[in-house]
Amino acid sequence: MPSPRPLRADARRNREALLSAAREAFLAGDTDAHVEEIARSAGVAVGTLYRHFETREALIEEVYRKEVDDLCAAPEQLLEHHAPQEALRRFLLLLVDHAAVGKGMSVALESIMASDSPVFDDARIRMGDALTRLLKAGSAAGTVRGDVTGPTLLRALGGICAMRVSDGWLDEARQITNLLLDGLRHGAPHAT
């Protein structure tokens with residue numbers, strides 16, 4: 001099966017504008033934003049939205065997928081600019097912030113949770129892989145224990161982020177994440 005043709009520049013701009021407008025609406029808590037409102041905010045006609053996304057759920061799924069893409073690209077950049085232990089710390093905090101994005105989108109995301117969409121399974125696998133890369137780099141540097149896997153760490157972080165139902169949860173989640181990082185450094189040969 002041949003791959004789809006690349007989008008023209010104007011079509012690519014329209015698609016990005018739609019994704020950005022939808023993301024902003026969902027993060028602002030406008031989880032019931034209608035496709036007409038999203039299209040208007042993006043500066044395009046509703047027909048343009050439907051050319052790119054067959055349903056509102058497809059738009060929501062793509063907004064979430066883009067968030068995950070951006071998040072999972074971060075470890076390589078972090079490792080280029082920081083020591084492995086600091087790269088891991090920063091990525092863990094990015095994951096907490098991602099949960100905050102998910103809180104803003106949670107009602108919108110519920111519409112695709114009920115579908116057969118693989119987006120959440122894919123996201124968990126990719127985030128676990130990203131954490132594994134950072135853990136291996138930290139273990140090789142001797143600053144992080146080597147007996148914890150990315151998926152296990154992601155599950156622990158998921159427990160922290162499950163607190164997001166209460167006010168002030170984000171600051172508390174960041175504090176607990178730093179405690180988690182302290183535990184990852186415990187017993188590592190060169191932990192600071």
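At what angle do helix α6 and helix α7 pack, and how far apart are their axes? Before I answer, please keep in mind that what we are looking at is a predicted model.

Two packed helices are described by the angle between their axes and the distance between the axes. Here, helix α6, which covers residues 119–141, and helix α7, which covers residues 150–161, pack at an angle of about 115°, and their axes are 7 Å apart. Since angles of 65 to 115 degrees count as roughly perpendicular, α6 is described as roughly perpendicular to α7. The crossing in which α6 passes α7 is right-handed.

If you would like to find this contact in the structure, look on the α6 side for R124, M127, G128, L131, T132 and L135, and on the α7 side for G150, P151, L153 and L154. Sorted by class, the residues of this contact are six nonpolar, three polar and one charged.

Let me stay with R124, which, besides taking part in the contact with α7, forms a salt bridge with D121, where the closest N and O atoms are 2.5 Å apart. Both R124 and D121 lie in helix α6, and they are three residues apart, which is about one turn of the helix. R124 counts as partly exposed at 48% relative accessibility, and D121 counts as partly exposed as well, at 46%.

Salt bridges that share partners also join R15, E61, E62 and R65 into one network, and the structure holds 17 salt bridges. Another of them is found in helix α5, residues 84–113, where E86 and R90 lie four residues apart, about one turn of the helix, and where their side chains meet at 2.7 Å, N to O. E86 is partly exposed at 24% relative accessibility, while R90 is partly exposed with a relative accessible area of 36%.

A further salt bridge links R23 with E24, and in this pair the closest N and O atoms are 3.3 Å apart. R23, at 27% relative accessibility, counts as partly exposed, and E24, with a relative accessible area of 46%, is partly exposed too.

Let me finish with T48, which lies in helix α3, residues 46–52. Is T48 buried or exposed? Its relative accessible area is 10%, and because buried means under 20%, T48 is buried. If we leave aside the neighbours within four places in sequence, T48 is in contact with N14 and L18.

Technical notes. Residues are numbered from 1 along each chain as its sequence is written. This is a predicted model: local features need pLDDT of at least 70, side-chain atom pairs count only at pLDDT 80 or more; totals for chains, interfaces and linings use all residues. Side-chain values use heavy atoms; hydrogens and water are left out. Axes are lines fitted to C-alpha atoms, for helices over the stretch in contact, and angles run from 0 to 180 degrees between N-to-C directions. Helices (H or I, at least four residues) and strands (E, at least two) are DSSP runs, numbered from the N terminus. Angles under 35 degrees count as roughly parallel, over 145 as roughly antiparallel, 65 to 115 as roughly perpendicular and the rest as oblique. A crossing is left-handed if the near helix is turned anticlockwise from the far one by less than a right angle, and right-handed if clockwise. Contact means heavy atoms within 4.5 Å. Ala, Val, Leu, Ile, Met, Phe, Trp, Tyr, Cys and Pro count as nonpolar, Asp, Glu, Lys and Arg as charged, and the others, Gly among them, as polar. Buried means under 20% relative accessible area, exposed over 50%, partly exposed in between (1.4 Å probe, protein chains only). A salt bridge is a side-chain nitrogen of Lys or Arg within 4 Å of a carboxyl oxygen of Asp or Glu.
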